[in-house]
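Let's take a walk through a protein together, one spot at a time. Have the picture ready and follow along as we go.

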Amino acid sequence: SPRRDDVIMNEFRIPRIQSKKMLTIVVVVLLCNVIIASSQVAVATFNNANGVIGGTVTFTTVTSGLQVNVLLSGLSGNLSHPWHVHVYQLNSSFGYPLVCDTAGLHFDPFYANISSTDYTSRCLANKSLCEAGDLAGKFGVIPANGTDGNGDFSASYVDTTGTLLVSDCVGRSVVIHNIFTGSPGSHRECANVYAGAHSVVDEGETKCYHLNDMTSPPQ
């Protein structure tokens with residue numbers, strides 16, 4: 001069944017006044033929900049902490065589904081880069097690159113059965129049959145040396161399957177595979193996904209916030 005992200009609203013009081021005023025308040029509340037639903041954002045930031053790659057993977061709720069914007073630099077090697085949303089946030093107590101091992105498995109709440117021999121063909125034929133977090137399966141792998149051959153990559157995709165929402169991504173991690181380190185072999189780069197920008201509508205005492213953007217509404 002269709003899902004929607006929850007929202008949170010601070011309390012407001014409707015005084016015993018004319019119905020026109022009450023209708024105005026109701027309209028504002030409904031407008032709040034529309035703006036929140038259309039502007040949710042979450043971001044995974046790769047910060048070159050280990051001198052490998054930097055940039056962002058940004059998840060944004062749009063009318064047609066989930067928009068995924070990728071802006072990366074420092075890509076290298078001769079292997080393309082699968083990329084996924086993984087189940088867990090990273091455990092920072094582990095040093096690099098072992099920290100990426102704490103991301104767990106791919107985010108797969110609908111049990112896409114990636115171990116099946118026909119998974120790749122099923123995913124290619126119908127994106128809704130991919131793991132929810134299989135970004136490579138839905139959009140393709142990231143080129144080995146980026147879009148320009150110099151390590152930079154930028155792209156924008158829209159996931160229309162409904163299997164991955166912004167709220168699904170927050171509190172998890174993005175892992176990019178096959179990052180060349182300058183010596184034979186490859187490893188993974190990883191970053192946590194945090195809630196990003198929030199929208200606020202202020203009409204008198206009525207304000208709306210993204211539930212995942214903050215632990216409590218700003219004052």
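Start at His81, and keep in mind that this is a predicted model. Leaving out residues up to four places away in sequence, His81 touches Leu75, Ser76, Val141, Ile142, Pro143, Ala144, Ile176, His177, Asn178 and Ile179. Where along the chain does His81 have its place? You'll find His81 in the loop between S4 and S5. Is His81 buried or exposed? Its relative accessible area is 0%, so His81 counts as buried, the cut-off being under 20%. One of those neighbours deserves a second look: a polar atom of the His81 side chain lies 2.8 Å from the backbone oxygen of Ala144.

Now zoom out to the whole chain. The protein chain has four helices and nine strands, and if you read along the sequence they come in the pattern β-α-β-β-β-β-α-α-β-α-β-β-β. There are 219 residues in the protein chain, and buried ones make up 38% of them. The chain exposes about 11,900 Å², with carbon and sulfur atoms supplying 55% of that area. What about contacts that reach along the sequence? Take the contacts between residues at least 6 apart in sequence: 60% of these join residues at least 24 apart.

Next, let's look inside. In soluble globular proteins, nonpolar side chains tend to be buried together. Here, the largest nonpolar core has 30 residues, and Phe46, Val57, Phe59 and Trp83 are those with the most contacts inside it. Which strand gives this core its largest share? That's strand S4 (residues 65-73), with four residues. Pick out Phe46 and set aside its neighbours within four places in sequence: Phe46 is then in contact with Ile53, Gly54, Gly55, Val57, Leu72, Val174, Ile176, Glu189, Cys190 and Ala191. There's also a second, separate core, made of six residues, and among them are Leu90, Val99, Val175 and Cys190.

Trp83, which you just met in the core, takes us on to the aromatic rings. A pair of aromatic rings is described by the distance of the centres and the angle of the planes. The count for this structure comes to three aromatic pairs. In one of them, the ring centres of Trp83 and Tyr157 are 6.0 Å apart and the planes sit at 45 degrees, so this pair is tilted: the angle is neither under 30 degrees nor over 60. The two partners come from distant parts of the chain, with Trp83 in strand S5 (residues 83-86) and Tyr157 in strand S6, 74 residues apart. Both Trp83 and Tyr157 are buried.

Tyr157 has another partner, too. How is the aromatic pair of Phe139 and Tyr157 arranged? This one is stacked, at 4.7 Å centre to centre with 10 degrees between the planes. Again the pair links distant parts of the chain, since Phe139 belongs to helix H3 and Tyr157 to strand S6, 18 residues apart. Phe139 is buried, just like Tyr157. Put the rings together, and Trp83, Phe139 and Tyr157 form one aromatic cluster.

Stay with helix H3 and strand S6, and switch to charged side chains. How many salt bridges does the structure hold? There are two. In one, the side chains of Asp159 and Lys138 meet at 2.6 Å, N to O. This pair also links distant parts of the chain: Asp159 is in strand S6 and Lys138 is in helix H3 (residues 135-139), 21 residues apart. Asp159 and Lys138 are both buried.

Lys138 has a further contact to show you. Its side chain makes a polar contact with the side chain of Thr163, at 2.9 Å. Thr163 lies in the loop between strand S6 (153-159) and helix H4 (166-169). With a relative accessible area of 9%, Thr163 is under the 20% cut-off and therefore buried. The Thr163 side chain makes a polar contact with the side chain of Thr161 as well, at 2.8 Å.

For the last stop, find the salt bridge between Asp118 and Arg122, where the closest N and O atoms are 3.0 Å apart. Are these two buried or exposed? Asp118 is partly exposed, with a relative accessible area of 33%. Arg122 also counts as partly exposed, because its relative accessibility is 22%.

Notes. Residues are numbered from 1 along each chain as its sequence is written. This is a predicted model: local features need pLDDT of at least 70, side-chain atom pairs count only at pLDDT 80 or more; totals for chains, interfaces and linings use all residues. Side-chain values use heavy atoms; hydrogens and water are left out. Helices (H or I, at least four residues) and strands (E, at least two) are DSSP runs, numbered from the N terminus. Buried means under 20% relative accessible area, exposed over 50%, partly exposed in between (1.4 Å probe, protein chains only). A polar contact is a pair of N or O atoms within 3.5 Å; within protein, one must be able to donate a hydrogen and the other to accept it, and residues adjacent in sequence count only if both atoms are side-chain atoms. A salt bridge is a side-chain nitrogen of Lys or Arg within 4 Å of a carboxyl oxygen of Asp or Glu. Contact means heavy atoms within 4.5 Å. Accessible areas come from the Shrake-Rupley method with a 1.4 Å probe; for residues, only the protein chains shown count as cover. A nonpolar core is a set of buried Ala, Val, Leu, Ile, Met, Phe, Trp, Tyr and Cys residues joined through side-chain atoms within 4.5 Å. Rings of Phe, Tyr and Trp (its six-membered ring) pair if their centres lie within 6.5 Å; planes under 30 degrees apart count as stacked, over 60 as edge-to-face and the rest as tilted.
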